[in-house]
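The following paragraphs are meant to be read with the model open alongside. Please begin with one helix and its surroundings, and then move on to the cores and a pocket.

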Amino acid sequence: MTDTEKQLSTVTVTINGEAFQADPNDKLIDAAEKAGTYIPRFCHHSRMNPVGMCRMCLVEVDSGRGPGLQPSCMVDCSDGMTVETETDVVKKAQDGVLEFLLINHPLDCPVCDKGGECPLQDQTVAYGPAESRFVEEKRHYEKPIPISDTVYLDRERCILCDRCTRFADEVAGDTLIHFMDRGNNTEVNTFPDEPFASYFSGNTVQICPVGALTAKPYRFKARPWDLEETISTAWTDSVGSRITVQSSRNQVLRLLGIDADAVNWGWLSDKERFSFEALNSEGRFIAPMVRPGEGDDLVTTGWADALGRAVDALTDVDPNRVAVLGGARMNNEAQYAWAKLMKGVVGTDHVDAQLGDGLPAELVLGLPRATINDACRPGGTILLVGSDPKEELGALFLRLRHAVVEDGATLIELTPQRGGLSGIAAHSLHARPGEVGDLAAALVAATSGTAVDAGGVSADAIAAAAGAISGPVTVVLGRGSVAEAADSTVAAAHALNGLADVSFLSALRRGNVHGALDNGLAPGLLPGRTTLAAGASRLADAWPSVPSSQGNDAAAILAAARAGELDVLVLLSSDPVNDFPDYDLVCEGLSNVGTVIAVDMLASDSTMGFADVVLAASAPTESSGTFTNLEGRVSVMEQKVTPAGTSRPDWMIAAEIALRLGSDLRVDSPESIRAELASVSAVHGELTEEALAEGRIEGVLIPGSGDIELPAAPAGDGPANDAYSLRLVATRKMYDGGVALRNSPASSGLAAAIKVRVNPVDFEKLGVEAQALVKIVSGRGELLAPVEADAGVPTGTAAIPYSVDGWVANLLIDAAAPVTDVRVERP
C-alpha cells in the first residue's frame, strides 16, 4: 500500500466483477466479507495479526501486474485492485489445501464435539474434494490430553492454524501453548510442568476451527443442533461482556463470547465462560427456606410461609432499624424494584450494594466518565490506579493489553504491587499502602516540573512517568488493596482529575455494581444518578415516599448491627462473611440482628450461618432484564431457561413483599420497570425498548453524571509505620474461594494456595528465609503461611490474596483502620 492510499478514506476494490469502497487499512479477506463475499479461512481471525498459515483463503488478485494467487488474509486493500474468488484456479487451490489438511485429520465427526459447527467440516463440503486419494495410515497420538484443568487437546485433529498459539501470545500474553517439533511431526502442545494455566484458555476452544481443543465443562454434553441460544451479558464481573447462552433440555450448557466492538471483542475470561456451572449446582436454592428457631438449621418451606415471615419482620418496623447489604449481582430491574421497596415503601436509606471494598458512589458517578474504547485509544495514556484488571476484570485486561501492545497507548501504573500489565507498562509506580493519593498528587505536580518523592517512590521515577503522559488521559480507577481504606484512592482521583483532557473508567469489580449505583442501591442516592434531595420531586408520582436523610454505608450498617440497632437486615445476593473486609465486625453484626432475610441463588456462609429467611432467587439465565457495565453501557440479559425449582425473579419477590405490606410497586414485568425508570431518571430517558433492540449486541451507553457532585477530598496523612511492622496488601484474584467458584466444578480447585509475598530487601530485617513457614499477626488475627520473595512487592509491604479456598484475609483486617499493619514472625 502506498502512502497516498494510506491517507485515503476508502479505495475502490472489485471482487467478482462487483466494485465497492473498502477501508485501505482492511485486509482483503475482511473487506470482502463486509461487501458480502465470504472467503474461506482457518487461520485468519479479525482480532489477531494475520499469519497466512493455512492458505485456504487463496484468491486471484490483480493489482496492476496481472492476476496471481495470494492469501487474502495477508493482502491490504489498494485502489483499483481486482479480485476473483471463484475461478477454476482458486477452486483447485482450495481443493488442494483441504486435501492436504485431511491427510492426517481423523474422520471422527460423529463423536467430535465440534461436529455440526466445524469450519473444516463445512468447508470440505463446500470447497473440498469429494473423496480422498490418501490410503496410507494416518498418524496417531494419545487423545485427548489435558493441557489445563479446563481444556483438553486432541493432537490428531489439529490443522496447525496457529489460532490458539497466537491468541495466547498476542492477545493474552500467556505464552504457554506452542508449536513443537518439525515437518510432519509438528504439533501444538505445552511443555512439561507448564500447563496452559491461562485465565483465558477457553477462548482458544471457541476460536479453534476444528475439534482439537475442547472444554471440559461442555465435552459430550450436547450436539450443536440440540442447542438453543439467546444473547445475554456475562454477570461475574463489571465489564459486561456480551455472550450467547446456549441450552439443551432446559439446562444451560455453554457460554460463548460475542464480538461486541465496544466491549469485549468476543473474548471472555474463563471465570465468565464457565460460571454457568454454578447455576446447575447442588448449591442452588430451589425453594424458600426458614430457620425454625435459634440454633436450628434452615429447612425448606413454601413461599407463603417464607414471605409471611419476611413481611412480619418488616411490618411496623422503624425504618432506621432496617438495612440492606448487596444487590450488585442482580439485574437492573431487580435493583430498581428493591430500591423502590426499601427506600420508597419501607423508608430506609441504609442501603449499600458495595461491601466495603469499593469506592464512594458519588466518586464513581461524579467523575468525568470514559468508555472502554476511550481508554484504548491509539496514542492515549492509560493511568492504572489500584486494581489489577487481569485478576479482577479479565476482558478489560485483554482490551487494555491490545491498546498498549498493538495500538501504541502508554500505560502508567500507580498500583500497590506488580500486576498483570506491569510487563508492558511504560512506568510502574508502586505506592505504599495508604499513600497512592500522595503519589498521584506528586505525579500531577511533576507534569508542571515539580517532582518530589512520594508514596515510597523516588522523584526521578515520578518525573519520568509524568514526562510520558501525552494525549487524552484515561484513569482506570479501582481499589488496589482491600486491607486499606478507600480514602487514599479517593484522594488519588481528586488529584488526577486536575490533569488536562482526563476521564475516568471505573474498575469496581462486582457484577452489576454500576447498575446498583444507577438504581439507587447506595446511601444518599436515588435511581437515575441523583441525590435524595434532587430526586425526590421526580419520584413523587412513582414512589410512595423518599427518605429524608442519607443512610449508612456497609461498614456503618454492620457497626449498627453489632450495637443492636438493627431489627431487620436484608442480604441481596451477598455474602458479607467472606466479602466484607472485617470478619469480626460481620459476624458480631449478623449475630445481633433481629431478623436476617437473604434473597439469593446460592448457599453461602452468610445465608447458611445467619439467615432466618431465605427467598430463593432465579439465576441470571432464568429471568430477563438488563445489565449496566463499568462504562455505563446498558445491555440485555435474556431469559433462556425456566427458574430452578420454585425460585422467582428478584424483582418479583420485591413486588410481592410490597403488596403484602399494603403498597403496590406498580410493576408487573421487566419492561414496565424500565419504562418507570426512564420516566423518573434524568439520564435514562433514552433507554427505550427500541434502543435496546437496536443495541442488542453493543448495548446502549448512558452518559452523564446526573446531579451527582464529587465528594470532598479526604484530609490528613495516614498513620506512620513502625520499624517492626509491614503494611498489608490484600488483593482480589481471578480464582478465589467465592461462592460461585466453589459451585463450579471446573473452576473450584483453581484458587492458588495461600502465600505471603515480601520484597527480598525485607528478608534480612525479618530474619526468615524464602519458603519458610511464617506467622502473620495483626490486631485482629493471625495467619500461618509460607513466605516467598517477590521484587514486585514494595519494601515494607506484605502481600497476600484476599480469598483462597478455605481462608479469607478479612480475618486480619480492621475495616475502621486506614491501613492494616502486620508483624511477620516465626511460628
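The residues of helix H23 that are buried are covered by surroundings that include helix H8 (303–314), helix H9 (332–346), strand E26 (595–600), strand E27 (613–616) and helix H24 (670–680), where contact means heavy atoms within 4.5 Å, and where helices (H or I, at least four residues) and strands (E, at least two) are DSSP runs numbered from the N terminus. This is a predicted model, in which local features need pLDDT of at least 70 and side-chain atom pairs count only at pLDDT 80 or more, while totals for chains, interfaces and linings use all residues. Residues are numbered from 1 along each chain as its sequence is written, and side-chain values use heavy atoms, with hydrogens and water left out.

Within H23 (residues 650–660), the buried residues are Asp650, Trp651, Ile653, Ala654, Ala655, Ile657 and Ala658; buried means under 20% relative accessible area, exposed over 50%, and partly exposed in between (1.4 Å probe, protein chains only). After H23 comes Gly662, which has a positive phi, near 90°.

Ile657 also belongs to the largest nonpolar core, which has 73 residues and in which Trp338, Met342, Leu569, Leu615 and Ile657 touch the most other members. Such a core is a set of buried Ala, Val, Leu, Ile, Met, Phe, Trp, Tyr and Cys residues joined through side-chain atoms within 4.5 Å. Helix H9 supplies the largest share of this core, eight residues. Leaving aside neighbours within four places in sequence, Leu569 is in contact with residues including Ala323, Val324, Leu325, Ile557 and Leu590. A second, separate core of 46 residues includes Val188, Leu213, Leu279 and Met601.

Helix H4 (residues 119–127) offers a two-sided case, with Leu120, Gln123 and Thr124 buried. These three lie on the same side of H4 because they cover an arc of only 105° around the axis, the arc being that of the directions from the helix axis to the C-beta atoms. On the other side of H4, Val125 and Ala126 are exposed, and what covers the buried residues of H4 includes helix H3 (88–101).

Finally, the second largest pocket is lined by 41 residues, with Gly356, Arg479, Ala486, Asp553 and Ala555 nearest its centre. On a 1 Å grid over the protein atoms alone, a pocket is an open set of points where a 1.4 Å probe fits, with protein on both sides within 12 Å along at least five of seven lines, and lining residues have an atom within 4 Å of a point. The largest share of that lining, five residues, comes from H19.
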